[in-house]
Amino acid sequence: MDIRFLGHACFELSEGDTRVLVDPFLTGNPKAGADASELEPTHIFLTHGHQDHYGDVVDIAKRTNAHCVAIVELAGELQEQGVENVSDPNIGGTVTFEDAGLWVRLTPAWHTSTTPNGLVNTPAGLVINLGGKIVYHLGDTGLFSDLQLVKARDDIDVAIMPIGGHFPMDPGDAVVPAQWFGAKQVIPCHYNTSPPIEQDAQQFK
Ligand code: NI
Ligand code: MN
């Protein structure tokens, strides 16, 4: 699997012809690694509806017809915005696809969320299987003990973790679940995008 960091909490996971875009905040993201119009995802998954995660989801989904997955209330808003190809799980739910063994499960995340349109929704983490590898994108969350339950079921190959502080965990807190997971690879995100989340990733490392 190829993993491409596109700035803030946005990642593209690719395996063969399957391209999963997570949290496509590109327009207005000072650290955006691509222009929203360049991306051709087959799937788009959202952790929650805050603007710095929701981003360009509606425009990209309408242009590409990528299959979107978001928690049920957020999925409903995407459909109201005219996105046609949407799955609407809730926490604990798994959505499975034919492509490259792809599935995604929503896990709890301790955070809040309101979309740019004002819809209050529950944040989630995303456990994603693609090509036989498990990526756990924690979304925005504080530290809480149930994060370790993901590992009870799935061996986490890659953990994508926020370290920015102020909104989600800071590096000191993020180290704790990083040690629980025993992941082969840990990728920090959600830092140095704006002044409140300035952090030293080397210190986290
Ligand atoms: Ni958030
Ligand atoms: Mn955020």
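**Exercise 1. The two metal ions**

Task: In this predicted model, find which residue bridges the manganese ion (ligand 2) and the nickel ion (ligand 1), and how far apart the two ions lie.

Solution:
- Step 1. Start with the bridge: D140 is shared by the manganese ion (ligand 2) and the nickel ion (ligand 1), and the ions are 3.1 Å apart.
- Step 2. Now list the protein donors of the manganese ion (ligand 2): D52 (OD), H53 (NE2), D140 (OD) and H190 (NE2), at 2.1 to 2.3 Å from the ion.
- Step 3. Written along the sequence, the donor residues of this manganese ion follow the spacing D-H-x86-D-x49-H.
- Step 4. Place two of them in the fold. H53 belongs to helix α1, while D140 sits in the loop between β10 (133–137) and α4 (149–153), so this pair ties together parts 87 residues apart in sequence.
- Step 5. Check the burial of the pair: H53 and D140 are both buried.

**Exercise 2. The sheet that starts at β1**

Task: Work out in what order the strands β1 to β6 form their sheet, and which are the edge strands.

Solution:
- Step 1. The 6 strands run in the order β1-β2-β3-β4-β5-β6, giving an open sheet with mixed pairing.
- Step 2. Its edge strands are β1 (2–5) and β6 (86–87), each of which pairs on one side only.
- Step 3. Look at one pair: β1 and β2 (residues 11–15) are antiparallel, with 4 bridges. Within β2, E12 is the bridge partner of R4.
- Step 4. Add a helix. α2 (residues 57–64) lies across β3 (18–22), β4 (43–45) and β5 (67–69), and its direction is at about 160 degrees to β4.

**Exercise 3. One side of helix α3**

Task: Explain why the buried residues of α3 are on the same side of the helix.

Solution:
- Step 1. Pick out the buried residues of α3 (residues 72–80): L74, A75, E77 and L78.
- Step 2. Around the axis they cover an arc of only 160 degrees, and therefore they fall on the same side of α3.
- Step 3. The general rule helps here: with 3.6 residues a turn in an α-helix, residues three or four places apart point the same way.
- Step 4. See what this side meets: the buried residues of α3 pack against α1 (51–54), α2, β5 and β6.
- Step 5. Move past the helix: G82 follows α3 and has a positive phi, near 100 degrees.

**Exercise 4. The surroundings of S87**

Task: Decide whether S87 counts as buried or exposed, and name the residue whose side chain it joins by a polar contact.

Solution:
- Step 1. Locate S87: this residue lies in strand β6.
- Step 2. Its relative accessibility is 15%; because buried means under 20%, S87 counts as buried.
- Step 3. The side chains of S87 and H67 are joined by a polar contact of 2.7 Å.
- Step 4. Beyond neighbours within four places in sequence, S87 is in contact with H67, C68, V69, A70, A75 and V95.

**Exercise 5. The sheet that starts at β7**

Task: Describe the sheet of strands β7 to β12 and find the helix that packs on it.

Solution:
- Step 1. Its 6 strands form an open sheet, ordered β7-β8-β9-β10-β11-β12, with mixed pairing.
- Step 2. β7 (94–96) and β12 (185–189) are the edge strands, each pairing on one side only.
- Step 3. On average, neighbouring strands here are turned by 15 degrees against each other, direction ignored.
- Step 4. β11 (residues 158–162) and β12 pair in the parallel sense over 5 bridges, and I187 in β12 is the bridge partner of I160.
- Step 5. Helix α5 (residues 171–181) packs on this sheet, where it touches β10, β11 and β12, and its direction makes about 170 degrees with that of β11.

Note on methods
Residues numbered from 1 in each chain as written. Chains lettered and ligands numbered in written order. Predicted model: local features only at pLDDT ≥ 70, side-chain atom pairs only at ≥ 80, totals over all residues. Heavy atoms only, no water. Pairing = 2+ DSSP bridges. Helix = DSSP H or I, 4+ residues; strand = E, 2+ residues; numbered from the N terminus. Contact = heavy atoms within 4.5 Å. Axes fitted to C-alpha atoms, helices over the stretch in contact; angles between N-to-C directions. Buried < 20%, exposed > 50% of the residue type's maximum accessible area, 1.4 Å probe, protein only. Arc of directions from axis to C-beta. Donors = N, O, S within 2.8 Å, 3.2 Å for Na, K, Ca; no water. Polar contact = N/O pair within 3.5 Å; in protein donor to acceptor, adjacent residues only side chain to side chain.
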